[in-house]
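Thanks for sharing this one. Here are some notes on the ligand site, the empty space and the backbone, set out as numbered points.

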Amino acid sequence: MIRFEQTFMNFLLDHQEKHNRTYHFLILMDALISAAKHIEHYYLTGALKGNLGLAGNVNVQGEDVLRMDQIAQEITVHYLRASGRVIHAISEESEKIIPINTEDGRYFVYFDPLDGSSNVPHGLPVGFLFGIAKRNLEGSEDGHLRAGKDYIAAGMFVIPTGTFTLALKDAGTWRFHTDETMDFVKPTRMILSEDAQEWELSFNPAHRHTYAENVQNWIEQNERKYVFRYLGSLAGDFHRILSNGGMFMYPAIVNDPNPEKNRPHGKLRLMYEAAVVAFMCQEAGGTAVDETGTPTLDLQPKEPHQRTALYVGSKPLVDDIARVLLR
Ligand code: FBP
């Protein structure tokens, strides 16, 4: 007897019908899934085709661009254009906002086509992160940058693991796995574990002495209570936190012996990294804050590539460090 699992598209169709919503969102999600599968193909064959190296230029963040960054960007913009549903997009790989279907588009898409660049040369796990907001259908639309709390959905593909996780506003965070037909199936609701025995801590230990004193002290007092894991890609590390609970943090860097290396506003980008995982975490029963203890989803972006410090994960743990940050 063959065992059939519910497909992602069937799950989403149910969701849209249950909430009396339109098919437009399905077309957009189909485009994002096609993009992720295409990027995964190039990543899996990257070493063989010599695509895991540098592209030779520098991006808006002043970082060396990887050949795979360019490939992932080109693929994603192609499928977003083909969907006809996107007004404009914001990408880590494009300095400017990318106008797509400004007249008839329905959604704004904020994405990082290949997150975790330090893992790329080794073919290790990276992420495709995205957040989606909707145009104002009741009145005029000024295209302003949306805060995370205004997103209608956010998700990530952990490449090349074939896992896809999607959060829908007020409808939870769901994980899907690839079946033998390379289709995403078996929607599994993700709820952060309340069992502190399972919780993990995730941060770059090489930076811990550059964090603010109060953050260093919090780590000192708490780190022995939890398992420590760090993959070096936000998608990979957050994937674990969603499964086991705990907290991922990328604090502000304020005490680096070389002041030029300080990052008082954090490293991660608000719109297509921090707000994406914060949205998914909230729909899974968790929370996220910045270096001032302000909820990440309340942060109103002033510019597309704005950075932020990030503390995301199980509510008791994030609330505990937020008390220290607020002091
Ligand atoms: P990129 O988008 O340039 O890859 O930067 C984001 C990121 O790689 C995250 O995925 C990860 O959590 C973090 O930076 C790793 O930074 P570090 O190497 O300083 O630990």
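1. Which of the 18 residues around the ligand come nearest? They are Asp 115, Ser 117, Tyr 230, Leu 234 and Tyr 250. Please keep in mind while reading that this is a predicted model.

2. Next, the polar contacts of the ligand. An oxygen atom of the ligand is 2.7 Å from a polar backbone atom of Leu 234. Two side chains also deserve a look: an N or O atom of His 207 is 3.2 Å from a ligand oxygen, and an N or O atom in the side chain of Asp 112 is 3.3 Å from a ligand oxygen. On its own the ligand has 470 Å² of accessible area, and the protein covers 90% of this.

3. Where does the ligand sit? Its place is the largest pocket. Two elements give two or more residues to the shell around the ligand, namely β5 (107-115) and β13 (246-250). By class, that shell holds seven charged, six polar and five nonpolar residues.

4. The pocket itself can be described in the same way. The space in the largest pocket comes to about 470 Å³. Its lining is made of 25 residues, of which Gly 116, Ser 117, Ser 118, Gly 232 and Lys 267 are the closest to the centre. Ser 117 is thus worth selecting in your viewer, as it appears in this group and also among the residues that come nearest to the ligand.

5. Which elements each supply at least two residues of the pocket lining? They are β5, α6 (234-244) and β13. The largest share, three residues, comes from β5. Sorted by class, the lining of this pocket has eleven charged, eight polar and six nonpolar residues.

6. Now to the enclosed space. How many cavities of 30 Å³ or more does a search of the whole structure find? The search finds one, and about 80 Å³ of space lies in the largest cavity. The residues that line the largest cavity are Ala 36, Lys 37, Glu 40, Phe 157, Ile 159, Gly 162, Thr 163, Thr 178, Met 182 and Phe 184.

7. Two elements, α2 (24-44) and β7 (151-159), give two or more residues to the lining of the largest cavity. The largest share is the three residues from α2. In this lining, five residues are nonpolar, three are polar and two are charged.

8. Ile 159 comes up again in the backbone. A cis peptide bond joins Ile 159 to Pro 160, with omega at about 0°. Pro 160 belongs to the loop between β7 and β8 (163-168), while Ile 159 is one of the residues lining the largest cavity. I would be glad if your text mentioned this bond.

9. One last backbone detail is Asp 170. What is the phi of this residue, which is not a glycine? The phi of Asp 170 is positive, at about 55°. Asp 170 is located in the loop between β8 and β9 (172-178).

How values were computed: Residues numbered from 1 in each chain as written. Predicted model: local features only at pLDDT ≥ 70, side-chain atom pairs only at ≥ 80, totals over all residues. Heavy atoms only, no water. Near = heavy atom within 4 Å. Polar contact = N/O pair within 3.5 Å; in protein donor to acceptor, adjacent residues only side chain to side chain. Areas by Shrake-Rupley, 256 points an atom, 1.4 Å probe, with all protein chains shown as cover. 1 Å grid on protein atoms, 1.4 Å probe; cavity = no way out; pocket = protein on both sides within 12 Å on 5 of 7 lines; lining within 4 Å. Sits in = over half its atoms within 2 Å of the grid points. Helix = DSSP H or I, 4+ residues; strand = E, 2+ residues; numbered from the N terminus. Nonpolar A, V, L, I, M, F, W, Y, C, P; charged D, E, K, R; others polar. Points joined across faces, edges and corners; volume = space filled by probe spheres on them.
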